[in-house]
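Here are some friendly notes to read with the model open beside you. Take the points one at a time, and find each residue on screen before moving on.

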Amino acid sequence: MALAALLGAIAAFGLAPYGAWWATLAVLIVIPAILVSATTRRQAFGLGWALGLGYFAHALLWIVEPFFVDPERHAWMAPFALIFLSGGLALFWGAAFWVAQWCGRSPGGRVWLLICTLSLAEFARAYVFTGFPWAALAQIWVDTDVALLLAWVGPHGLALITVTVGMAAGLLLVAPRRALWNAAPAAVFAVAIVGVAATAPQVSGTGQTVRLIQPNAPQHQKWDPAFMPTFYERQIEYTAALPRPDLIVWPETAVPVWLETGGPALDRIVAAADGAALALGIRRSEGSRIFNSMVYLDPQGRIAGVYDKHHLVPFGEYVPFGDLMARFGIYGFAANSGQGFSSGPGPELVSMGALGHALPLICYEAVFPQDINGANTRPEFLLQVTNDAWFGARSGPYQHLAQARMRAIEQGVPLMRAANTGVSAMIDPLGRITASLALGQAGYVDAELPAPLQPTLYARTGDLMALVVLALLSLAVTASQRPKTRRK
């Protein structure tokens with residue numbers, strides 16, 4: 001189990017900011033040997049759980065950062081949060097190993113079953129209990145041509161391909177008799193990579209310029225009355241800079257007033273924009289309910305669209321049974337009252353004039369590809385406003401950026417990203433960063449908005465195709481493991 005946990009931690013080096021995809025693939029190749037070493041279902045579960053624990057503990061190390069924004073109140077919770085979250089997510093992997101050991105009749109059969117069950121476990125992790133697909137296996141390919149496959153099969157399909165290629169190759173070590181069969185996935189994978197790279201479409205520009213503003217407000221200072229005017233004035237200065245763009249984007253909750261009472265502050269922002277449209281991260285309220293929102297102001301300074309975040313962060317923006325928990329002093333990090341933020345109606349497009357229709361994503365929402373597919377119509381671009389100051393300055397912001405790039409490839413549309421502390425970036429429909437501001441840098445960047453591509457296969461089918469393929473593969477592998485009867 002200790003060796004499995006170590007291998008899991010090594011596998012996480014495939015994620016941003018390291019991008020060592022070969023480390024993840026090497027661990028996948030070793031996993032068949034780990035599985036066949038188990039002689040009982042209990043041992044298999046323990047090995048799978050330990051592997052997942054090492055992987056998620058390393059991948060999600062950034063989760064301790066929010067607890068040090070107010071260390072006197074929350075720092076003591078940090079190790080418990082990391083251990084319980086990693087251990088909880090590792091249960092999905094432990095269950096996958098348990099089922100593979102239970103149903104497999106041979107070493108090769110158990111490994112092929114694990115390919116199916118581990119892929120199903122990752123699928124479930126993205127949906128169960130509102131879902132948490134962070135550190136998905138497909139993310140290891142974001143800096144390579146392999147990521148272009150996301151447009152065809154989506155993140156779960158690419159995860160299935162990755163697991164199949166790695167573990168089938170690992171079978172050459174534990175069951176070498178079917179070498180040609182087990183090497184076939186790697187050969188097909190190589191051909192697919194060459195194919196998508198050679199046929200990648202050309203990306204053109206729209207002629208529209210977008211300004212992404214990054215005030216670089218550390219979270220412990222963001223709402224401090226002594227520092228709030230500094231960050232606000234900094235953003236006003238960046239907004240007024242010449243030449244004038246077509247759209248100016250402020251990050252999540254960047255406006256330090258409430259929408260209902262922020263008339264003078266908004267008027268000053270509109271005056272600084274001087275005819276440019278604005279997309280601003282702001283909070284708003286309806287009676288006792290509060291929302292984490294984005295407001296769109298047209299070139300005349302009129303409110304032409306409001307979007308409310310709908311996929312909230314558990315224990316960050318809201319606490320389940322919040323009013324009850326508040327009696328025990330338990331609040332969300334981003335909302336210190338009762339139930340916290342309220343959820344918006346869901347993914348909704350906002351018309352932004354000549355730029356087209358945008359699908360806003362507020363912070364955490366860019367992690368969920370199924371939510372983007374849930375929009376009623378296809379947008380011309382994705383617009384993410386986020387405050388990654390919560391994630392610290394190590395792996396969290398870079399992993400969040402990598403997932404935003406995946407969403408652009410999956411949909412075949414550009415994604416503009418304004419982040420409080422970084423990384424702010426313009427991302428084209430192939431997931432390439434065309435302009436950016438470094439993490440921890442205050443400033444702004446003007447970038448041309450790329451034109452969208454034709455709808456991708458994944459944009460049309462969503463996760464359904466990957467789920468059907470995975471179900472058929474699981475049925476085929478399970479059927480092959482039934483004991484054969486001999487006719488006399």
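Where does T130 lie? Look in the loop between α6 and α7, which is where T130 sits. Keep in mind as you look that this is a predicted model.

1. **Two residues with positive phi.** T130 is not a glycine, yet its phi is positive, at about 70 degrees. A135 is another non-glycine residue with a positive phi, here near 65 degrees, and A135 is also found in the loop between α6 and α7. Why pause on these? Most residues other than glycine have a negative phi, and most peptide bonds are trans.

2. **Buried or exposed?** Now compare the surroundings of these two loop residues. With a relative accessible area of 37%, T130 is partly exposed, because that value falls between the cut-offs of 20% and 50%. A135 has a relative accessible area of 0%, so it counts as buried, being under 20%.

3. **Two cis peptide bonds.** The bond from L242 to P243 is cis, and its omega is near 0 degrees. You will find P243 in the loop between α10 (228-240) and β2 (247-249). Another cis peptide bond joins G422 and V423, with omega at about 5 degrees. V423 belongs to the loop between β9 (415-419) and β10 (424-427).

4. **How far to trust the model.** The average pLDDT of the chain is 92, and 95% of the residues score at least 70. Residues 332-338 deserve some caution: their pLDDT is below 50, although the stretch has 24 contacts in the model beyond near neighbours in sequence. Where pLDDT is low, the predicted coordinates should not be read in detail.

5. **The second largest pocket.** Its volume is about 630 Å³. The pocket is lined by 23 residues, and G108, G109, W112, R178 and Q481 are the closest to its centre. Which helices each supply at least two residues of the lining? They are α6 (107-125), α7 (150-174), α8 (179-198) and α16 (464-480). Sorted by class, the lining has 12 nonpolar, six polar and five charged residues.

6. **Cysteines.** How many disulfides does the structure hold? The number is zero. Take C103 as a case to check: the nearest cysteine sulfur belongs to C116 and is 11 Å away. A disulfide needs the two sulfur atoms within 2.5 Å, so C103 is in no disulfide. C103 counts as partly exposed, with 25% relative accessibility. C363, in contrast, is buried, because its relative accessible area of 7% is under 20%.

7. **Two helix residues to find.** L472 is placed in helix α16, and its relative accessibility of 53% makes it exposed, because the cut-off is over 50%. The C-alpha atoms of L472 and G94 are separated by 22 Å, and these positions lie 378 residues apart in chain numbering. G88 is in helix α5 (residues 78-103) and is partly exposed, with a relative accessible area of 29%. Try G88 with L53 as well: they are 35 residues apart along the chain, and their C-alpha atoms are separated by 8.4 Å.

Notes:
Residues numbered from 1 in each chain as written. Predicted model: local features only at pLDDT ≥ 70, side-chain atom pairs only at ≥ 80, totals over all residues. Heavy atoms only, no water. 1 Å grid on protein atoms, 1.4 Å probe; cavity = no way out; pocket = protein on both sides within 12 Å on 5 of 7 lines; lining within 4 Å. Points joined across faces, edges and corners; volume = space filled by probe spheres on them. Helix = DSSP H or I, 4+ residues; strand = E, 2+ residues; numbered from the N terminus. Nonpolar A, V, L, I, M, F, W, Y, C, P; charged D, E, K, R; others polar. pLDDT = per-residue confidence, 0-100. Contact = heavy atoms within 4.5 Å. Buried < 20%, exposed > 50% of the residue type's maximum accessible area, 1.4 Å probe, protein only.
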